[in-house]
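These notebook entries record what I looked up in one protein structure. I kept each entry brief and in order of reading.

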Amino acid sequence: MDFLKGLPMSEKTYTVLFVDDDRDVLDMYSALLENSNYRIFRAASGTEAVTMMDQHQFDCIITDLKMPDGNGLKVRDAAMEREIPLIIVTGYQGSYKTILDAKDVVLEKPVRRQDLINTIEKIAS
């Protein structure tokens with residue numbers, strides 16, 4: 001992706017699990033992070049994400065909120081049990097506030113690359 005050339009790299013390499021049922025979103029955000037020295041794992045469902053959490057160690061998990069096999073809350077709960085920092089990314093502006101805890105880290109789509117990187121580095125450090 002030519003538009004990524006010249007973007008600043010992260011100082012530390014983080015291992016991140018990105019969870020989204022929309023393959024285009026998964027590919028786009030994964031590419032942005034891979035070009036910032038992140039090691040990216042991808043899951044297209046909450047069930048797949050929970051399985052991957054049992055197989056790998058992650059510095060951070062980024063998940064969509066609403067997915068066909070349940071939703072990002074399943075991923076959030078599994079991450080909390082394993083004490084893995086989590087970022088919820090959602091396109092449902094504002095409507096998620098009634099189902100999430102005040103301590104949940106939420107970014108609304110579309111997420112700017114630098115905002116995502118800053119948030120990962122803040123919660124995964």
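The entries below go from the whole chain to one helix, its neighbour and its charged side chains.

**Entry 1: the whole protein**

I noted at the outset that the model is predicted. I counted 4 helices and 5 strands in the protein. Following the sequence from start to end, I read the pattern β-α-β-α-β-α-β-β-α. I then looked up burial, and found that 48% of the 125 residues count as buried. I also looked up contacts between residues at least 6 apart in sequence, of which 63% join residues at least 24 apart.

**Entry 2: helix H3**

I next turned to helix H3, which covers residues 72–82. Which residues of H3 are buried? I listed Gly72, Leu73, Val75, Arg76, Ala78 and Ala79. I then asked what covers these buried residues. The cover includes helix H2 (46–55) and three strands, namely E1 (15–19), E3 (60–64) and E4 (86–90). Just after H3 comes glutamate 83, for which I recorded a positive phi, near 60 degrees.

**Entry 3: H2 beside H3**

I examined H2 together with H3. Their axes come within 9 Å and cross at roughly 15 degrees. Angles under 35 degrees count as roughly parallel, and I therefore recorded H2 as roughly parallel to H3. The crossing of H2 past H3 is right-handed.

Which residues make the contact? On the side of H2 I noted Gly46, Thr47, Ala49, Val50, Met53 and Asp54. On the side of H3 I noted Lys74, Val75, Ala78, Ala79 and Arg82. Sorted by class, the contact has 6 nonpolar, 2 polar and 3 charged residues. Val75, Ala78 and Ala79 appear both in this contact and among the buried residues of H3.

**Entry 4: salt bridges**

Side chains of opposite charge can pair when their charged atoms come close. How many salt bridges does the structure hold? I found 8.

One of them joins aspartate 54 and arginine 82, with the closest N and O atoms 2.7 Å apart. Aspartate 54 lies in helix H2 and arginine 82 in helix H3, so this pair ties together parts that are 28 residues apart in sequence. Are the two partners buried or exposed? Aspartate 54 counts as exposed because its relative accessibility is 55%. Arginine 82, with a relative accessible area of 29%, is partly exposed.

Arginine 82 also meets glutamate 81 in a salt bridge, at 3.9 Å from N to O. I recorded glutamate 81 as exposed, because its relative accessible area is 65%.

I looked up a further salt bridge, between aspartate 77 and arginine 76, where the closest N and O atoms are 3.4 Å apart. Is arginine 76 buried or exposed? Its relative accessibility is 9%, so arginine 76 counts as buried. Its partner, aspartate 77, counts as partly exposed at 37% relative accessibility.

Finally, I noted a network of salt bridges that links Asp20, Asp64 and Lys109.

**Entry 5: summary**

I closed with two points about H3. Helix H2 is roughly parallel to H3, and the salt bridge of aspartate 54 with arginine 82 ties the two helices together.

Technical notes: Residues numbered from 1 in each chain as written. Predicted model: local features only at pLDDT ≥ 70, side-chain atom pairs only at ≥ 80, totals over all residues. Heavy atoms only, no water. Buried < 20%, exposed > 50% of the residue type's maximum accessible area, 1.4 Å probe, protein only. Contact = heavy atoms within 4.5 Å. Axes fitted to C-alpha atoms, helices over the stretch in contact; angles between N-to-C directions. Parallel < 35°, antiparallel > 145°, perpendicular 65-115°, else oblique. Left-handed = near helix turned anticlockwise from the far one by under 90°. Nonpolar A, V, L, I, M, F, W, Y, C, P; charged D, E, K, R; others polar. Salt bridge = Lys/Arg side-chain N within 4 Å of Asp/Glu carboxyl O.
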